[in-house]
Amino acid sequence: MKEWLKISCLLCIFGCVREIRPSEPYVTEFLLGPWRNITETQLTHDVYPVGTYAYMVQLVFVFLITDFLRYKPLIITIGATGVIIWSMLIWSTSLLSLQILEVFYGTYMAAEVAYFTYIYAKVDKKYYPRVTSHTRAAMFVGKLVSGITAQLMINLELMNYKELNYITLATQIMAMLWAFGLPRVDKSLYFHREETCDTPEAISDQSSYTQTELPGDSSMEVSSQTQPKLLRAMLLLWLHFRSAYTNGRVIQWSLLYAIGLAGYLQVTYYMQILWKVIEPEPLIAWNGAVDAVLTALAALSALAAGYLHTDRLSSRTSLLILAFFSALEGGCVLICCWTNNIYWSYVGFVLFGALYGFTITVSSAEVARHLQEDSFGLVFGFNTLIALIFQSLLTIIFVTETGFELDAVGQFTAYAFYFIAVGILYLISVLVEYLWFRAATREKLDDTLE
C-alpha cells in the first residue's frame, strides 16, 4: 500500500469510529428523561448555548495550537474530551455538570480542525482532493452506522436512551487509543514549515534574522531559533490571510459558507427539542433513522454537487443555484416547525439536510477555487469562526433571555426566514452583478466602436 493511502486510511478509521455516537440522536430524550431533573427551558436556555459559545471561543486558539503542536496531540485531545463528555453524561446529574460538559463539547468540536488538516501535512499536494474526500466519507460512514445502530437498539428494546451512551463512550475510548498510533507529523503549514525556494521574500528576510549569543548558552540558542520561526509563521499567516480576503470572490463565497453553516448548526442543535414539543411522549422516536437517512442523502448531495460543479458551472450560476436552494432550506425548516405531525417534521429535516449537503459543498469548492492550497486550513478555519459568531448571535437574539427568548416553534420560524432572507439577498446580488457586467460590457463595446 502506498504511504499516502496508508496514512489516509489510518486517519479515516479514527474519523469513522469517532462519529459512531448512537446516543446523539436521542440526547434530548435522555436529558429530559427520568435520569436527570432538568426542564426543557433549562436545557434550551442554560445548557445548549454554553456549547455554542465555548466552541466559538476555543476555535481561535485551537487552530493556532493545532499547527504549533503538529496536529496529533489535538487529535488525541478529540478522543480524550469525548471520553470526558460521555463519562459525565453517564455519571453526573446536576445542571452545573451539564454546563461544564458543554465547555468540553466546545473543545471536542473545535479540535476537529486537527482531523481535517493533519492529512495535508502528511501527504503530497497532488493527493489533497483524494484524501479530503476520504476523510469526509469516513465521517459520513460513521454517522450512518451511528444512526442505524441507535434506531435498532431502541426499536428492538435492547437499550434505553441512557444505555446508548455506553456505546458512545466505548467508541470514544477506541478513537482516543487509535489516535496514539497515528504517525507523528514532522512539519506543519506555519510554525514548523519546511524551507522552500518559493518562500516569500519577506519571510526569507525574517528567517535570516539572527541574534548574538554567548558560546555554550543553550537558552540563548533556543531563543534565537524560536523567535525567527515564530516571526516567519505569523508573517506567513498574515500573507495567506491577506491574499485570501482581498479577493472579492473569496469574501463572497466565504460569507455564504459561514451564513449557511451557522444556520445549519443552529437548526441541528435544537431540532430534537422541537420534536419533543411536537411529540412529547412518542411510542417510538425515529431520531436515529432520520439521522441515518439525512446522512446518506447529504453524502449523495455532496457527491452530486462535486460532480456538477467541477468545471461545469460559473461562479454566477453557482450563486444563483445556491440562492434558490437557501430559500428552499428555509421552506424545509418551516415544514419542520409549522406542523403537528412529527413525521412531516422528520421529512422537512431530512430534505433540509440534503439541500445543505449540496450548498455547503458548492460554497466550499468556490472558496477553494480562489485560494492557494496552503491556505485552505486557515481560510476554512476562519470561515468556521465567522459561522460560530453568527450562530452565537442567533442564539443571543432568539434563544436567550437577553433577546426575544422564543419558544421552539418561534425559534425555528425565525431560522426559516433567516435562510429565505439569505436566498433573497444573494439573488439580488446576482442580479446586480449581472446588470453591472452588462453595463460594463456595453460601455467597453461603445468605446471600441468610437
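Where does L69 lie in relation to helix 3 and helix 4? In this predicted model, L69 is placed in the loop between helix 3 and helix 4, the latter spanning residues 72-91. With a relative accessibility of 39%, L69 counts as partly exposed. L69 also contributes to a nonpolar surface patch of about 590 Å², together with V57, V60, F61, I65, F68 and L230. Helix 3, which covers residues 40-68, gives the most to this patch, supplying five residues.

The loop that holds L69 also contains R70. The backbone of R70 has a phi near 65 degrees, a positive value in a residue other than glycine. Most residues other than glycine have a negative phi. R70 is classed as partly exposed because its relative accessible area is 25%. A positive phi is likewise found at E405, where the angle is near 50 degrees, again in a residue other than glycine. E405 belongs to the loop between helix 15 (376-398) and helix 16 (408-449), and its relative accessibility of 37% makes E405 partly exposed.

The confidence of the prediction was examined along the chain. The mean pLDDT of the protein is 86, and 89% of the residues score at least 70. Confidence is highest in helix 8 (residues 164-180), with a mean of 97, and lowest in helix 9 (residues 201-207), with a mean of 45. The stretch from 201 to 214 has a pLDDT below 50, and in the model this stretch makes 20 contacts beyond near neighbours in sequence. Where pLDDT is low, the predicted coordinates should not be read in detail.

Charged side chains were considered next. The structure holds six salt bridges. In one of them, the side chains of E112 and R18 meet at 2.5 Å, N to O. E112 is part of helix 6 (residues 112-122) and R18 is part of helix 1 (residues 3-19), so this salt bridge ties together parts that are 94 residues apart in sequence. Both partners lie under the 20% limit for a buried residue: E112 has a relative accessibility of 13%, and R18 has one of 3%.

A further salt bridge joins the side chains of E19 and R21, with an N to O distance of 3.6 Å. E19 is buried, at a relative accessible area of 4%, and R21 is also buried, at 7%. R21 has another salt-bridge partner in E24, at 3.2 Å, N to O. E24, by contrast, is partly exposed, with a relative accessible area of 24%. Through shared partners, salt bridges connect R18, E19, R21, E24 and E112 into one network.

Aromatic side chains were then surveyed, and 29 aromatic pairs are found in the whole structure. Among them is the pair of F14 and Y115, which is tilted, with 6.2 Å from centre to centre and 40 degrees between the planes. F14 is located in helix 1 and Y115 in helix 6, so the pair ties together parts that are 101 residues apart in sequence. Both F14 and Y115 are buried. Helix 1 and helix 6 are thus linked by this aromatic pair as well as by the salt bridge between R18 and E112.

A second tilted pair is formed by F30 and W35, whose ring centres are 5.6 Å apart and whose planes meet at 40 degrees. The two members differ in their burial: F30 is buried, with a relative accessible area of 2%, whereas W35 counts as partly exposed at 27%. Elsewhere in the chain, Y264, F352, Y356, Y418 and F419 form one aromatic cluster.

The surroundings of T135 involve Y115 as well. T135 is situated in helix 7, which runs over residues 128-155, and a relative accessibility of 2% places T135 among the buried residues. Leaving aside residues up to four places away in sequence, T135 touches L11, C12, Y115 and F116. Y115 therefore appears both as a contact of T135 and as the helix 6 member of the aromatic pair with F14.

Key: Residues numbered from 1 in each chain as written. Predicted model: local features only at pLDDT ≥ 70, side-chain atom pairs only at ≥ 80, totals over all residues. Heavy atoms only, no water. pLDDT = per-residue confidence, 0-100. Helix = DSSP H or I, 4+ residues; strand = E, 2+ residues; numbered from the N terminus. Contact = heavy atoms within 4.5 Å. Patch = residues over 30% accessible without salt bridge, like charges linked within 9 Å, V, L, I, M, F, W, Y side chains within 5 Å. Areas by Shrake-Rupley, 256 points an atom, 1.4 Å probe, with all protein chains shown as cover. Salt bridge = Lys/Arg side-chain N within 4 Å of Asp/Glu carboxyl O. Buried < 20%, exposed > 50% of the residue type's maximum accessible area, 1.4 Å probe, protein only. Phe/Tyr/Trp six-rings, centres within 6.5 Å; stacked < 30°, edge-to-face > 60°.
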